[in-house]
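This report goes through one protein chain, from surface to interior. The sequence and the structure are shown first.

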Amino acid sequence: MGFFSFLGRVLFASLFILSAWQMFNEFGEDGGPAVPELISKLAIVKKHISSQLGVVVPDIDRYFMQPRHLVAGVIVLKGLGGFLFVFGSPVGAYLLLTYLALSSPILYNFYDYDRDESKYFVLLNEFLQSVALFGALLFFIGMKNLIPNRQLKKKTPKAKVG
């Protein structure tokens, strides 16, 4: 049972680790090809938040950090989270949960398209895959919390002298 559990974690985490490795290899000086896509998606989210809440959201590259720093953060979340998850650490699962919770609604914005458009179903499919991965990580954390850690041996109480 232990081997298959480890093998399952390796196969699951390889999705994130290999993706982080590919992003790392493409990163370069400008942040790689993920930066233009991220900028366009963040602009859509910014416009949506501004219209719904009625507040002005500042530009990400002027006030906070540059988009390449966000891509570097994504690489760290996916790589470190996947690596820790392989060894059964709940911290790795929480890092991957954070990545999925923050990135999925932004990257897979199927809600901005009509059902008639072909891109709608592609984005919806990828969003639902992220939801399934999110659910698998929640299942892992739940099972990890369900199984008690090593039970400490009960110490026999010392007889009172007196």
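## An exposed residue in the first helix

F4 counts as exposed, because its relative accessibility is 60% and the cut-off for exposed is over 50%. The model is predicted, and this value, like the others below, is computed from it. F4 lies in helix α1. From F4 to N125 the C-alpha distance is 28 Å, and the two residues are 121 positions apart in sequence.

L11 lies in helix α1 as well, a helix that runs over residues 2-26. With a relative accessible area of 56%, L11 is also exposed, since that value is over 50%.

## The nonpolar patch

F4 and L11 belong to a nonpolar patch on the surface, together with F3 and L7. The area of this patch is about 460 Å².

## Annotated transmembrane spans

An unreviewed UniProt entry carries the annotation "transmembrane region" for residues 6-24, 70-100 and 120-143. L7 and L11 of the patch have numbers that fall in the annotated span 6-24.

In the model, residues 6-24 are 100% helix and 0% strand. The C-alpha atoms at the two ends of this span are 25 Å apart. Residues 120-143 are likewise 100% helix and 0% strand, with 34 Å between the end C-alpha atoms.

## Buried residues of helix α6

Helix α6 covers residues 118-146, and F140 is found in this helix. F140 counts as buried because its relative accessibility is 13%, and buried means under 20%. R9 is 131 residues away from F140 along the chain, yet their C-alpha atoms are separated by 9.6 Å.

L123 lies in helix α6 too. Its relative accessible area is 7%, so L123 is buried by the cut-off of under 20%. Between L123 and S103 there are 13 Å in space, C-alpha to C-alpha, and 20 residues in sequence.

## The largest pocket

S103 is also one of the residues nearest the centre of the largest pocket, along with V74, K78, Y99 and L107. In total, 38 residues line this pocket, and the space in it amounts to about 950 Å³.

Which helices each supply at least two residues of the lining? They are α1, α2 (34-53), α4 (67-86), α5 (90-107) and α6 (118-146). Helix α1, which holds the exposed F4, and helix α6, which holds the buried L123, are therefore both among the contributors to the lining.

Terms used: Residues numbered from 1 in each chain as written. Predicted model: local features only at pLDDT ≥ 70, side-chain atom pairs only at ≥ 80, totals over all residues. Heavy atoms only, no water. UniProt positions renumbered as here; feature names shortened; annotations may be inferred. Helix = DSSP H or I, 4+ residues; strand = E, 2+ residues; numbered from the N terminus. Patch = residues over 30% accessible without salt bridge, like charges linked within 9 Å, V, L, I, M, F, W, Y side chains within 5 Å. Areas by Shrake-Rupley, 256 points an atom, 1.4 Å probe, with all protein chains shown as cover. Salt bridge = Lys/Arg side-chain N within 4 Å of Asp/Glu carboxyl O. Buried < 20%, exposed > 50% of the residue type's maximum accessible area, 1.4 Å probe, protein only. 1 Å grid on protein atoms, 1.4 Å probe; cavity = no way out; pocket = protein on both sides within 12 Å on 5 of 7 lines; lining within 4 Å. Points joined across faces, edges and corners; volume = space filled by probe spheres on them.
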